[in-house]
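The following paragraphs lead the reader through a protein model, beginning with one strand and moving outward. Please keep the sequence and the coordinates in view.

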Amino acid sequence: MALAPWLQAQLERLHGHRGHALLLSGASGMGQFDLAMALARLWLCDQPSAQGACGECARCHAVDVHTHADLAVLMPETEALARDWPLSPKAQDAIDKKERKPSKWIRVDAAREAIGFAQLTAARGNSKVIVVYPAERMNVETANTLLKTLEEPPPDLRFVLATEAAHLVLPTIRSRCQLHPMDWPDAAAVEP
């Protein structure tokens, strides 16, 4: 997956990031989700380079087709459906049966599943990643569910949270993350 040049430059800068939690923050449309997924792919890749994930190994392919066993993505169900991202079987069943509508918020049930995921041993390597997007769509209960794991993660777990409104992310969540303000692309990078 080719990244926009301004995202590629940030990916290369963040390649050596040593913290366990990163909060990507910037204005709408700056590519936070794309950068978050590129980081997850890089951290899970068999043969990463200074430029990012190889894009050819089985792990990169699993990320691309949304089936990597060591990747959990938390997003509102409406966002997941818009991005063709699979919902949990329980959520999909409830929506299919019209028991409820897709949520515009990251549900606490999904956060609880992510906590269970965090406690498992990595299936395909030595690391696991949880992506949260958009992080401002966690309500207080969902954020508090993730907080303990964010404070004291297992040694093989990394978080990347992405937001268009960092001021709406609970301070307790923000304080556990290293903030990365998204770089604005220069005019030449976005011209056709």
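Strand β1 is mostly covered, as five of its five residues are buried. Buried here means under 20% relative accessible area, with exposed over 50% and partly exposed in between (1.4 Å probe, protein chains only). Helices (H or I, at least four residues) and strands (E, at least two) are DSSP runs, numbered from the N terminus. The model is a predicted one, in which local features need pLDDT of at least 70 and side-chain atom pairs count only at pLDDT 80 or more, while totals for chains, interfaces and linings use all residues. Residues are numbered from 1 along each chain as its sequence is written, and side-chain values use heavy atoms, with hydrogens and water left out.

In a regular strand the side chains alternate between the two faces of the sheet. In β1, A21, L23 and S25 lie on one side and L22 and L24 on the other, and both faces are covered.

The wider setting is an open sheet of five strands in the order β2-β3-β4-β1-β5, with parallel pairing. Its edge strands are β2 (71-74) and β5 (178-181), each of which pairs on one side only. Neighbouring strands are turned by 15 degrees against each other on average, direction ignored. Two strands count as paired if DSSP finds at least two bridges between them. Strand β1 (residues 21-25) is joined in the parallel sense to β4 (residues 157-163) over five bridges; A21 has F159 as its bridge partner there, and L22 has V160. Towards β5, β1 also runs parallel, with four bridges, and L23 stands opposite L179.

Helices pack on this sheet. Helix α2 (residues 32-44) touches β1, β2, β3 (128-132), β4 and β5, and its direction makes about 170 degrees with that of β4. Helix α7 (residues 140-151) lies across β1, β2, β3 and β4, at about 135 degrees to β4. Contact means heavy atoms within 4.5 Å; axes are lines fitted to C-alpha atoms, for helices over the stretch in contact, and angles run from 0 to 180 degrees between N-to-C directions.

Helix α1 (residues 5-14) has W6, L7, Q10, L11 and L14 as its buried residues. They cover an arc of only 140 degrees around the axis, so they are on the same side of α1; the arc is that of the directions from the helix axis to the C-beta atoms.
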